[in-house]
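Look at the structure below with its sequence beside it. The text that follows goes from single residues to longer stretches of the chain.

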Amino acid sequence: MRPYLLKGHERPLTQVKYNREGDLLITCAKNLQPCLWLSDNGMRLGTYEGHNGVIWTCDINIDSTRLYTASADQTVRIWELQTGKELFQFRQQEPCRAVSLSVGEGLLAFTADAFMGAQSMIHVMKLEQDIEQQSSKSILSIEAPRGRITRVFWSELNRCLVTSHDGGFLRKWDSETGQMLLEEKVHEDAIQDFQLSPDGSYGVTASLDKTAKLVDLETFQVIKTYKTGRLVQSAAISPIMDHVLLGGGQDASSVTTTASKAGGFEARFFHKIFAEEFGSVRGHFGPINSVAFHPDGKSFTTGGEDGYVRIHHLDADYFTAKFF
């Protein structure tokens with residue numbers, strides 16, 4: 001299982017994300033340009049130039065015509081995905097971090113970090129088909145409790161927003177009134193990543209408390225816990241197998257003093273039901289900051305602190321082997 005090794009970023013990766021069909025891959029990093037690749041062979045198609053800060057997260061619309069990026073330069077931007085043309089900016093007074101399209105793509109939610117005395121915020125924008133009619137004024141702004149909001153998702157057919165936080169909390173909000181509907185502390189340390197199952201009924205969290213957890217999205221009940229002994233930076237759910245993929249490793253500040261093997265820089269596979277590790281894939285020279293399964297479940301991508309993106313096409317043995 002030899003990976004495609006992609007070098008399009010000089011700085012650490014922050015997110016790798018497939019489009020709906022899985023033929024395209026977007027990578028975001030701490031440099032200023034997200035990159036677009038073919039997911040099959042890693043061919044680089046282009047970059048999106050315009051941001052002046054770290055790009056933390058992105059989202060892609062259902063027909064892969066528009067890209068939405070959230071950046072520390074205090075903007076969320078809309079791009080024409082095929083050409084790289086910037087179409088619109090939502091400009092804030094604080095660094096922006098997480099972004100998510102609603103079902104039907106009529107609304108966009110994004111989060112802003114606490115900054116210069118301002119609280120962490122969740123903003124909801126109405127999206128116009130005609131970009132000339134697009135407004136930068138939010139239709140809802142929610143002030144969140146103290147702490148960074150790391151991910152945001154729409155839930156229950158856009159009736160709710162679900163957010164993960166660096167205090168280990170998951171919170172659910174009414175998307176019309178902004179009222180907090182549910183709050184649960186599911187981790188002892190920051191939740192670095194939160195990815196949903198294909199049907200959106202549950203998700204997997206990745207935390208600095210060295211665990212990942214499978215969580216019911218309606219009640220926030222923890223279904224399974226995956227213990228790694230290493231910081232977990234990202235987690236993804238296979239769309240076709242009962243498997244969970246975790247990425248992480250020791251803190252980046254200690255990387256230079258520790259060998260790769262000791263740092264735990266491999267992508268690790270756990271059985272979703274039995275919560276036992278059954279395999280790992282090495283290659284990165286630092287912590288893995290983001291992992292993602294291809295929508296068909298036959299390959300996966302990792303993005304590391306080392307600036308590299310690795311696309312792995314899974315061997316036939318992976319689909320036929322009896323792990324338990």
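A useful starting point in this predicted model is S207, which, with neighbours within four places in sequence left aside, is in contact with H187, D189, A190, I191, Q192, L231 and V232. S207 itself belongs to strand β19, which covers residues 202–207.

Is S207 buried or exposed? Its relative accessible area is 0%, and the cut-off for buried is under 20%, so S207 counts as buried. Its side chain also has a polar partner: the backbone oxygen of D189, reached at 3.3 Å. D189 is among the residues in the contact list of S207 as well.

Another residue in that list is Q192. Q192 is part of strand β18, made up of residues 191–196. Apart from residues up to four places away in sequence, Q192 touches R148, T150, R151, A206, S207, L208, V232 and Q233. With Q233 there is a polar contact between the two side chains, at 2.9 Å. V232 appears among the contacts of S207 and also among those of Q192.

Now to the longer stretches. Where does UniProt place the feature "repeat: WD"? The record, an unreviewed entry, puts it at residues 48–89, 184–225 and 281–311. In the model, residues 48–89 are 0% helix and 52% strand, and the C-alpha atoms at the two ends of this span lie 13 Å apart. Residues 281–311 are likewise 0% helix and 52% strand, with 11 Å between the end C-alpha atoms.

Terms used
Residues are numbered from 1 along each chain as its sequence is written. This is a predicted model: local features need pLDDT of at least 70, side-chain atom pairs count only at pLDDT 80 or more; totals for chains, interfaces and linings use all residues. Side-chain values use heavy atoms; hydrogens and water are left out. Helices (H or I, at least four residues) and strands (E, at least two) are DSSP runs, numbered from the N terminus. Buried means under 20% relative accessible area, exposed over 50%, partly exposed in between (1.4 Å probe, protein chains only). A polar contact is a pair of N or O atoms within 3.5 Å; within protein, one must be able to donate a hydrogen and the other to accept it, and residues adjacent in sequence count only if both atoms are side-chain atoms. Contact means heavy atoms within 4.5 Å. UniProt positions are given in the numbering used here, feature names are shortened, and annotations may be inferred rather than shown by experiment.
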